[in-house]
Amino acid sequence: MNETQQTEENLNPLYISKCQFDRAVMQFDELKRGLLEFLTTPKRIIEVHFPIEMDDGSVRMFKGIRVLHNQVLGPGKGGVRYHPEVTVDEVIALATWMTWKCALVDIPFGGAKGAVICDAKLLSTAELRRISRRYVSELDDMIGPYIDIPAPDMYTDQHTMAWFYDTYDKLHPGENNRPAVTGKPIDLGGSFGRTEATGRGCLYVTERYITVADNLPFDSLKGTTVAIQGAGEVGSVVARLFKEQGASIIAISDSQGSIYNDNDNGLNLEQAFEFKQEHGTVVGLPDTRTITNEELLELECDILIPAALGRQIHQGNAGNVKAKLVVEAANGPLTPAADAILQENGVIVIPDILANVGGVTVSYFEWVQNIENQQWELEEVNVKLKMKMQHAVDKVIAQLHRLNEQQENPDKEQTQNVCGKPDLRTAAVFLAIDKLANVTMERGIWP
Ligand code: NAD
């Protein structure tokens, strides 16, 4: 993205989530003003600063963040990200999206998110373990099974969650602490299917959408061409599962670049992941062409799946997207300007709060299993996940139809002028806000 484009568009994630909220709120006949403020204001923002002894004996300061956005539906729930560029505003936006996701799929959790500002790729395992333990101990009783429950996100995984759990358990001896953290290894109370849940949920959501909706030139994944940005926990699973259903994965990327092969079968994924394991990147895999991440987003393909960072498709490149369907496996990969441009160009977008909600759904299953001291079979987890994903897609499509019908009412012309025709994101956010507003009023404003 060049400098001019950056000055033209506000890329602050908090601004982006607020735009999405406002666009959905325009569709309501009435919502109390104070309630709107309550639904956009985080309940608490914690910043912690702590020293870590590095492997070479030096001492470095780190900053950790935990945002609890809303607890109306239950304890906070959200991943923890280790990234050098993460900001408090970004964590607030991510926590807000978690609140909407849980409300949308009827999970009894509120939204939360956390981060440690660090470059995980430059840290040793021992340094990461010390950072993880210290972060959890600094958060102290601000997290817990009925307060706020962490999970993995970018550059954290089940090993990080094992350290989180172990630290929390040491601080709370004599209790069943397993439900305090999700995304744990299986033998520590993790759920079968959690590691691939976000990617699998993304598959179920996409399959349901393309079979039910009648606005795409394909009604199954068989024979479709797919480009995926990101080859991490989410992107790699999405690639494998979409391929199993007959899609051809023509491009995939990581932080170092993208590989591309548009022959009939697309990329050989097993080779690509083995190569990444060995060389730390997919770039350089024999028989593939190296392209930039920007080029990947603009490839001629049926489905584009951003599965890495936020704000990847924006005012500057949205007009060049040639995919017919964009599935937001990542959180916040599109800006509001990109939404408008893609809608104008007839590109369908399955929004993040629906497309990647499989992760928090199986985290919820893990929490239930931990409370009951049970472990469900993988098949049971996947059947339950599929039902939840299909139900959520059907709800969002039905809501979009209702919003479109309302817009045909002349009284609503004003709304249409201000925020354009509703899309799947507007419908999904509408459903989430509607539920949160109703439950808040049912519970009554305290005291
Ligand atoms: P990960 O750390 O496992 O993988 C991230 C991937 O993105 C890596 O392949 C990395 O190389 C790539 N990447 C980093 N910078 C890039 C860049 N500039 N260009 C292209 N690729 C780049 O993370 P993950 O868990 O797979 O998460 C990916 C996205 O999915 C994030 O937006 C995350 O918030 C979202 N998400 C994850 C989960 C989950 O359960 N892990 C759940 C919901 C949403």
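**Two open sheets and a ligand site in a predicted model**

In the first hairpin to be described, Phe 50 has Phe 62 of β2 as its bridge partner. The structure is a predicted model, and the pairing of these phenylalanines belongs to an antiparallel arrangement in which β1 and β2 are joined by 10 bridges. Between the two strands of this hairpin lie 5 residues. Gly 57, located in the turn, adopts a positive phi of about 95°.

β1 and β2 are part of an open sheet of 5 strands, whose pairing is mixed and whose order is β1-β2-β4-β3-β5. The edge positions are taken by β1 (residues 44-53) and β5 (residues 148-152); each has a single partner strand, and therefore one side of each is left without a neighbour in the sheet. On average, neighbouring strands of this sheet are turned by 20° against each other, direction ignored. Further along the order, β2 is paired with β4 in the antiparallel sense through 6 bridges, and Gly 64 is placed opposite Val 116 of β4. The parallel component of the sheet includes β3 (residues 76-82) and β5, which are connected by 5 bridges. Here Gly 76 faces Asp 148 of β5. Helix α5, comprising residues 125-139, packs on this sheet and touches β1, β2 (59-70), β3 and β4 (110-116). The direction of α5 makes about 140° with that of β1.

The loop that leads into β4 contains a backbone feature of note. Asp 106 is situated between α4 (88-104) and β4. Its phi is near 55°, which is a positive value in a residue other than glycine.

A further open sheet consists of 7 strands in the order β9-β8-β7-β6-β10-β11-β12, again with mixed pairing. Its edges are formed by β9 (289-291) and β12 (348-350); because each of these has a single partner strand, one side of each remains without a neighbour in the sheet. Neighbouring strands in this sheet are turned by 20° on average against each other, with direction ignored. At one end of the order, β11 (residues 325-327) and β12 are paired in the parallel sense over 3 bridges. Within this pair, Val 326 is positioned opposite Val 349 of β12. Helix α8, formed by residues 233-244, lies across β6 (225-229), β7 (248-254) and β10 (303-306). The helix runs at about 175° to β7.

Both α8 and β7 also contribute to the ligand site, each supplying at least two residues of the surrounding shell. In total, 22 residues surround the ligand, and the closest are Arg 81, Asp 153, Thr 198, Ala 308 and Asn 331. Classified by residue type, the shell is made up of 9 nonpolar, 8 polar and 5 charged residues. Oxygen atoms of the ligand take part in contacts with side-chain and backbone atoms of the protein. A polar side-chain atom of Asp 153 is found 2.8 Å from a ligand oxygen atom. For Tyr 155, a polar backbone atom is 2.9 Å from an oxygen atom of the ligand, while for Gly 232 a backbone N or O atom lies at 3.1 Å from a ligand oxygen atom. Of the 830 Å² of accessible area that the ligand has on its own, the protein covers 90%.

A cis peptide bond is present in the segment that follows α16 (424-443), where Pro 447 is found. This bond links Trp 446 to Pro 447 and has an omega near 0°.

Terms used:
Residues are numbered from 1 along each chain as its sequence is written. This is a predicted model: local features need pLDDT of at least 70, side-chain atom pairs count only at pLDDT 80 or more; totals for chains, interfaces and linings use all residues. Side-chain values use heavy atoms; hydrogens and water are left out. Two strands pair if DSSP finds at least two bridges between them. Helices (H or I, at least four residues) and strands (E, at least two) are DSSP runs, numbered from the N terminus. Axes are lines fitted to C-alpha atoms, for helices over the stretch in contact, and angles run from 0 to 180 degrees between N-to-C directions. Contact means heavy atoms within 4.5 Å. A residue is near a molecule or strand if one of its heavy atoms lies within 4 Å of it. A polar contact is a pair of N or O atoms within 3.5 Å; within protein, one must be able to donate a hydrogen and the other to accept it, and residues adjacent in sequence count only if both atoms are side-chain atoms. Accessible areas come from the Shrake-Rupley method with a 1.4 Å probe; for residues, only the protein chains shown count as cover. Ala, Val, Leu, Ile, Met, Phe, Trp, Tyr, Cys and Pro count as nonpolar, Asp, Glu, Lys and Arg as charged, and the others, Gly among them, as polar.
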